[in-house]
Amino acid sequence: MNVRKILPAEIYEYWDDIASLLGQAIPYANGDYSLEQVKLYLTTGAWLLVAVFEENKMICATSISFINMPNDRIAFITLIGGKKAIEKSNFEQLKSILKEHKATKIQGGTRPSVVRLMKRLDFQERYILVEKKI
């Protein structure tokens with residue numbers, strides 16, 4: 001398996017695969033963004049897309065935004081869809097890509113079932129996010 005970043009100009013070439021994979025995760029975004037908005041963020045370079053390929057077929061897509069905090073540059077996983085993202089070798093490749101972008105931490109908002117999976121990669125539950133639309 002090969003994990004690599006997809007450049008903004010390549011998003012158009014891979015869009016059907018990306019839309020299919022990230023589309024699986026859009027319902028869990030709770031209306032924060034649509035698939036069309038995700039495409040805009042990816043094609044303008046505001047977000048990064050990292051994909052897992054198996055035999056030249058994209059099997060997982062992860063969109064990432066970067067947040068600069070006082071003590072860390074956070075790679076925030078905005079959406080992840082597909083399979084084999086939680087495998088250790090793929091995760092090590094993802095970490096290398098994020099380090100190229102000067103990230104010092106990885107974070108993401110997720111549901112309890114995914115928290116259990118992420119703990120396999122030594123992620124820690126940091127806090128529970130609550131919200132109310134006003």
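K102 is exposed, because its relative accessibility is 61%, and over 50% counts as exposed. The model is predicted. K102 sits in the loop between α3 (88-100) and β5 (105-108). Its backbone is worth a look: K102 has a positive phi of about 70°, although it is not a glycine.

N30 can be read alongside it. N30 has a positive phi of about 55° and is not a glycine either. This residue belongs to the loop between α1 and α2. N30 counts as exposed because its relative accessibility is 62%.

From N30, turn to the helices on either side of its loop. Helix α1 covers residues 11-23, and helix α2 covers residues 35-43. The two pack at an angle of about 140°. Their axes are 11 Å apart. How should that angle be described? It makes α1 oblique to α2, because roughly antiparallel is kept for angles over 145 degrees. The crossing of α1 past α2 is right-handed.

Which residues meet there? From α1 come I11, Y12, W15, I18, A19, L22 and G23. From α2 come L35, V38, K39, L42 and T43. By class, this contact has nine nonpolar residues, two polar ones and one charged one.

Some of these names return in the interior. The largest nonpolar core has 22 residues. I18, L22, L42 and M58 have the most contacts inside it. At least two residues of this core come from each of α1, α2, β2 (48-54) and β3. Helix α1 gives the most, with seven residues. Apart from this core lies another, of 19 residues. V52, I77, A85 and M118 are among its members.

M58 deserves a closer look. Leaving aside residues up to four places away in sequence, M58 touches I6, Y14, D17, I18, L21, A51, V52 and F53. V52 is thus a contact of M58, while V52 itself is listed in the other core.

Next comes strand β3, which spans residues 57-68 and includes S65. Is S65 buried or exposed? S65 is buried, because its relative accessibility is 12% and the limit for buried is under 20%. Beyond residues up to four places away in sequence, S65 touches W47, I74, A75, F76 and T78.

Now go back to the start of the chain. N2 lies in strand β1, which covers residues 2-6. N2 counts as partly exposed because its relative accessibility is 39%. Its contacts reach far along the sequence. Setting aside residues up to four places away, N2 touches A51, V52, F53 and Q93. A51, V52 and F53 are also among the contacts of M58. How far is N2 from S89 in space? Their C-alpha atoms are separated by 9.5 Å, although the two are 87 residues apart along the chain.

The last stop is E10, in the loop between β1 and α1. E10 is a charged residue by class. Even so, E10 is buried, with a relative accessible area of 18%. That value is under the 20% limit, so E10 falls within the buried class. Again leaving aside residues up to four places away in sequence, E10 touches R4 and K5.

Technical notes: Residues are numbered from 1 along each chain as its sequence is written. This is a predicted model: local features need pLDDT of at least 70, side-chain atom pairs count only at pLDDT 80 or more; totals for chains, interfaces and linings use all residues. Side-chain values use heavy atoms; hydrogens and water are left out. Helices (H or I, at least four residues) and strands (E, at least two) are DSSP runs, numbered from the N terminus. Buried means under 20% relative accessible area, exposed over 50%, partly exposed in between (1.4 Å probe, protein chains only). Contact means heavy atoms within 4.5 Å. Axes are lines fitted to C-alpha atoms, for helices over the stretch in contact, and angles run from 0 to 180 degrees between N-to-C directions. Angles under 35 degrees count as roughly parallel, over 145 as roughly antiparallel, 65 to 115 as roughly perpendicular and the rest as oblique. A crossing is left-handed if the near helix is turned anticlockwise from the far one by less than a right angle, and right-handed if clockwise. A nonpolar core is a set of buried Ala, Val, Leu, Ile, Met, Phe, Trp, Tyr and Cys residues joined through side-chain atoms within 4.5 Å.
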